[in-house]
Amino acid sequence: MSSERYHQHFTISWDQLHRDVRQLCHQLVERDFKGIVAITRGGLIPAALIARELNIRLIDTVCIKSYDHMDQGGLDIMKGVDHDGDGWLLVDDLVDTGKTARAVREMLPKAHFVTMYAKPEGRPLVDQYLTEVAQQCWIQFPWDMGIAYVEPLADQLKK
Ligand SMILES: O=P(O)(O)OC[C@H]1O[C@H](OP(=O)(O)OP(=O)(O)O)[C@H](O)[C@@H]1O
Ligand SMILES: Nc1nc2[nH]cnc2c(=O)[nH]1
Ligand SMILES: [Mg+2]
């Protein structure tokens, strides 16, 4: 699937992400998890912040790749886990088409699956998410961006 399906950007700053993680954690803190399984790589960042909020130190990974920047390819599963997820919190940054989530759900059917952001197609595959984002939006994460100089509008208009 190609990048043409994305018509807008939804940009998330480090501050926003951190606030969103804390808000999601309010809904998780009463539960008792054995540990966290983070879906690499995007899930690693929220997983670390969630682990701090919920005081969880046992963190495992499912290592998987499906996108080359905005282009979706075949799923490449590099590492799984040897349990069905019972009592574990499964974390990814987002669910989009749900292809990644479907594959990981098969591996860990009993895990409690959360993402920070969810698009409509993938939303039914997760147990909990914080913010819904339109299907045609590309979510731009802070780790994929940098601070850059922006030319004043007046100078841009002179060109
Ligand atoms: O619902 P889907 O359409 O499957 O898309 C969601 C997945 O895509 C991204 O991962 P990606 O494969 O780009 O790898 P990364 O986490 O290493 O950036 C994102 O982190 C999710 O894991
Ligand atoms: N950064 C990012 N990765 C994705 N992988 C699938 N959809 C997205 C998205 O909207 N943003
Ligand atoms: Mg990912």
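**Exercise 1. Find what holds ligand 1.**

Start at aspartate 92: one of its polar side-chain atoms lies 2.6 Å from an oxygen atom of ligand 1. A polar contact here is a pair of N or O atoms within 3.5 Å. The model is predicted: local features need pLDDT of at least 70, side-chain atom pairs count only at pLDDT 80 or more, and totals for chains, interfaces and linings use all residues. Residues are numbered from 1 along each chain as written, chains are lettered from A and ligands numbered from 1 in written order, and side-chain values use heavy atoms, without hydrogens and water.

Next, take arginine 41. An N or O atom in its side chain is 2.7 Å from an oxygen atom of ligand 1. Then turn to serine 66. Here a backbone N or O atom lies 2.8 Å from an oxygen atom of ligand 1.

Now check the cover. Ligand 1 alone exposes 500 Å², and the protein buries 89% of that (Shrake-Rupley method, 1.4 Å probe).

**Exercise 2. Describe the shell around ligand 1.**

Count first. The shell has 16 residues, and the closest are Tyr67, Asp92, Asp93, Thr97 and Thr100 (a heavy atom within 4 Å).

Sort by class. There are three nonpolar, seven polar and six charged residues. Asp, Glu, Lys and Arg count as charged; Ala, Val, Leu, Ile, Met, Phe, Trp, Tyr, Cys and Pro as nonpolar; the others, Gly among them, as polar.

Last, place the shell on the fold. E5 gives the largest share, four residues. Helices have at least four residues and strands at least two, both being DSSP runs numbered from the N terminus.

**Exercise 3. Repeat the analysis for ligand 2.**

List the neighbours. They are Tyr6, Tyr67, Leu94, Asp96, Lys119, Cys137, Trp138, Ile139 and Phe141. Strand E8 (residues 137-140) supplies the largest share, three residues.

Sort them. Seven are nonpolar, none is polar and two are charged.

Find the contacts. An N or O atom in the side chain of aspartate 96 is 2.7 Å from a nitrogen atom of ligand 2. For lysine 119, a side-chain N or O atom is 2.8 Å from an oxygen atom of the ligand. Isoleucine 139 uses a backbone N or O atom, 2.7 Å from a nitrogen atom of ligand 2. Alone, ligand 2 exposes 280 Å², of which the protein buries 89%.

**Exercise 4. Sketch the whole chain.**

Count the elements: four helices and eight strands. From the N terminus they run β-α-β-α-β-β-β-α-β-β-β-α. Add the extent: the C-alpha trace spans about 60 × 35 × 25 Å along its principal axes.

Note on methods: A polar contact is a pair of N or O atoms within 3.5 Å; within protein, one must be able to donate a hydrogen and the other to accept it, and residues adjacent in sequence count only if both atoms are side-chain atoms.
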